[in-house]
Structure formats: C-alpha cells, structure tokens
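Visitor: I have a structure to look at and some questions about how it is put together. Can we go through them one at a time?

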Amino acid sequence: MIPRGFDYHDPTSPEEVLALLGEYGDEGKLMAGGQSLLPMMKLRLASPAHIIDLWRVSGFDTIRETGDEIRIGALATHRALEDSSLLNKRCPLLAKAAGTIADAQVRNLGTLGGAAAHADPSANYSPALVALGAKFVLRSKTGERVVAAADFFQGLFQTALQATELLTEVRVPALGAGDGWEYLKLSRRAPDFALVSVAVLVRANGNGSCAGADVVLGSVAAVPLRAEGVEAALCGRRLERLDFEEAARATVLGPNTPSDVHADAAYRREVAPVCVRRALQAAVARMGKGTR
Amino acid sequence: MNRTISVKVNGKKYVEENVEPRMLLVHFLRDRLRLTGAHVGCDTTACGACTVLLDGRAVKSCTVLAVRANGHEVTTIEGLAKNGKLHPIQEGFQHEHGLQCGYCTPGVIMSATELLQRNPMPTEDEIRAGIDGNLCRCTGYQNIVKSIRWAADKMASAHGRTAPGPGDEK
C-alpha cells in the first residue's frame, strides 16, 4: 500500500513550520513520528496534499524539570519518555503510559506531541494527561497559549489545536514522593490499542486518609472520561481501610460507550470497573514508597 | 517534487536520484538498492517483518518515508554478518532452530539486535517484550526466544558477563 502523492516539506525550525501552516492551512498536515498518520495515508484514509515533516526540526525533544513541572518537548519519542530517568523518578505514570504504547519499533519513532494531537480515543496518553492535569503549549505566529488537558481533547480525533498552531510542549506536574499512581491498559495482545485504559493518581493527607484522587478512563468515550463517582468514593477515606471493590463500582460509562469488533459497549462496561479496581489497588500499594 | 537522497546503508553510502516523497523506506531498500532482506509482511505497521535499524533504532520500514533517511544511517539484516562470519544472533537462530519459513526472521533479528544493545542480559520476559512488535506465524516464539537467549549468552561470555538464567527476574 502506497500513499497518494503529496508535496513534501521538511522544515528545520518552528518558524518555518508555522509559515508553511499559514501557507497551506487545511491542505497541510504535520507529520511527527508518522506512526499513526502514515498508516492512515497508506490505507488512503487520509490523503493530505502537503506533508510538513517535523523530522528535521530540532530542539523539541527534551525532557526537563522546571520548578515542580516536567516539561516535555512535543517531539520526544515514546521511547524517550519510557527511558527517561527524570520522568521515571518524578512522573512515572506518564513513563508507564509511554512504555505500553504499541511496540518497540513504533515507540522508537512515535512522539508524545504527535499522539496527543492525533487524539485517537484508544491511545495511551490522553487519560494519563488528563489525570495529571497536563498543560499543552500551542504556538502560532502571533504567540503562545497554554491549554489544559481537559480542554485540549475535544472529541474523536479532535483537539483544541487550530490549523495554524503547532504543539511544542507538554507540561506535567512532578508527583509527590508519597503519591500513589498507576496506568493500566487492557488489550487482547500487548501491542494492541486499549480496550479500556485507566490512569490513577491518589494523594494522601498527613493523617493517612485520601486527600484526593484522579481516576480517568480511556477508550470508553470520544474523550478521556473522568470517573467522578470513584474519585468521590475515595476522598477523605482512610487509605488502609479502602474498599477498592466498592469504590470501583462507582465507575459509570456514558450512553455512547463505543462498540467495535474487539469489544462491545457491554463488555467495556463489565471490565471498566475491574480495571479501575486493579489500578486503585496498585496505586495505593505504591503510596509512601516513593516511585517505582 | 522528487528528491535526491544520500543514505548510508550497512556502512556503504548510496546517492539515489528521483525518489518520490511517498516512497516507503522498505521499497527504497528492496527496489532501489536491491536489499531484499527486509520483507513486506502485513504492510500495516503490525508484523515487523520489515524491521531495520535507522540510526541504530529498530523501526518498521513500511512506516517510514524513504526521504527521511536522507543523511541518516540504515542497517539491514544484510549488514550484520562481518567478513563472512554470522552475527551471534544469526548463529543463535541457527543453533536453536529459531526459524522455519524464515519470513519474519530478518525483522526479528533486527529487533533483537537493538534489544541486546539496550539490554545485553535480558530476562526471558524482557526478550518477549522486546520482540512484541514482531509476529511469527510458524516457528512459534519458544525457539525464537531461545535463539536470542543463546546470542545474549554468547555475547555476554565474550564480554566476561554472566547472563541471568531462564525465568530470572531483575
């Protein structure tokens, strides 16, 4: 399978990228790692007239700590996130989400920014980024704006990114040493897309009770789904006496839960609470033990 | 507009003119350079039969534009043997019967090459995770895992290391 022909542009700076985006508008498509876009082009599900390849743009793949934030260049590969000692120490939830994307070869090329901007509802990052309260830095010719994860993911393959904007950076908070976390992906085979995924963060009070929790599901709606009932069931409870089964039972999926050949909506409803329970158990088991 | 690209493949520099931007790296290697070791299997980024190393990283060459390789280095299965002597991973596949039809083999070996560079003494689980982007439809994975284990042991003993035994966890 061969993509339809296109004009190829390989700029080396973000300024050139923005100029090309301005010139071609909706006709132009950015290619980061190409691990989602190129398969779609081969299947002729996408046939952009202009490919603006970010392959030769440098300087947007660093992972660094600034204050209590980890700032990750949009062109950092999944492999770079998975292997980053900084991320594994300070925000291991995201490192684990990165390390369970597809397979080794795809992780070598696919990027955080590309995957986030593609906004496939079954992809790994979106629930993790919403749970973490990540911020997205979007650059245009007129300046930069910062968008919260919950506002960035807007629908099926839809984000807050405008046609003239470039996602340059994703910022996530460094986790506290005592925070509990887990990222869990349920799939038939390891490299497959998630049937259900769950990102969990649990914070403790000094007195051993739960100060707050973020529980966000992926693959069960067009955008990441916050399990508010589960979060409420955890808040204020004594951590050593948490009833995970009961808390997980508060997982409620929406009326538009997707059905596909791999899992119908009823199956997703059945397994989502199981995934939540397992993720909560793992997250709480990590609490107070530092990171992984 | 078609491009002229310069790529170092298995240590040899190639300058190829008139490369269409939509040409995939696997077709460039097979049809332009006549290096047919990288196979086209599923053609959908799943099976890994087309795996090559791009700047030392295992990638699926059916999902990379050839123009991206301009100015970069590619290693294919043809580049592993040195001076007529097989690479230890190739030897491992021979010793442990790591292939039957051989279609997936070049891709698996290239993935294993990167795996052992990153992690010279992997556990069995790490080997299995390291090749989860490669599908085999006949040998089964048992002998493939044994072959990679054999190679890791041989490369480790050459470097004076002790490899973990089967089932050992780190």
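Guide: Start with chain B of this predicted model. Buried residues make up 46% of its 170 residues.

Visitor: Which pattern does chain B follow along the sequence?
Guide: Chain B has five helices and five strands. Read from start to end, the order of these elements in chain B is β-β-α-β-β-β-α-α-α-α.

Visitor: What radius of gyration does chain B have, set against the globule rule?
Guide: For 170 residues the globule rule gives 15 Å, and chain B comes close to that, so it is as compact as a globular protein of that length. Its C-alpha atoms fill a box of roughly 55 × 30 × 30 Å along the principal axes. The radius of gyration of chain B is 16 Å.

Visitor: What share of the contacts in chain B between residues at least 6 apart in sequence join residues at least 24 apart?
Guide: The count leaves out pairs less than 6 apart in the sequence of chain B. Of the contacts that remain, the share joining residues at least 24 apart is 60%.

Visitor: Now chain A. In what order do the three strands of its open sheet lie?
Guide: The pairing in this sheet of chain A is parallel. Strand 1 (7-9) and strand 2 (28-31) of chain A each pair on one side only, which puts them at the edges. Strand 3 of chain A sits between them, and the order is 1-3-2.

Visitor: Which residue stands opposite A:Lys29?
Guide: Strand 2 of chain A is joined to strand 3 (residues 50-53) of chain A by four bridges, and the two run parallel. Within strand 3 of chain A, the residue facing A:Lys29 is A:Ile51.

Visitor: At about what angle does helix 1 of chain A run to strand 3 of chain A?
Guide: Helix 1 (residues 14-24) of chain A lies across strand 1, strand 2 and strand 3 of chain A. Its angle to strand 3 of chain A is about 165°.

Visitor: Which helix supplies the largest share of the side of domain 2 of chain A that touches domain 3 of chain A?
Guide: Chain A is divided into domain 1 (7-53), domain 2 (63-173) and domain 3 (180-286). Between domain 2 and domain 3 of chain A, 21 residues of one are in contact with 21 of the other. Helix 5 (92-99), helix 8 and strand 8 (153-155) of chain A each supply at least two residues of the domain 2 side. The largest share, six residues, comes from helix 8 of chain A.

Visitor: Why is helix 8 of chain A described as largely enclosed?
Guide: Helix 8 of chain A covers residues 125-132. It is largely enclosed by the rest of the structure because the number of its residues that are buried is eight of eight.

How values were computed
Residues numbered from 1 in each chain as written. Chains lettered and ligands numbered in written order. Predicted model: local features only at pLDDT ≥ 70, side-chain atom pairs only at ≥ 80, totals over all residues. Pairing = 2+ DSSP bridges. Contact = placed C-beta atoms within 7 Å. Axes fitted to C-alpha atoms, helices over the stretch in contact; angles between N-to-C directions. Buried ≥ 20, exposed ≤ 12 C-beta atoms within 10 Å, placed from the backbone. Rg over C-alpha atoms; globule rule 2.2 N^0.38 Å. Domains from an automatic or database assignment.
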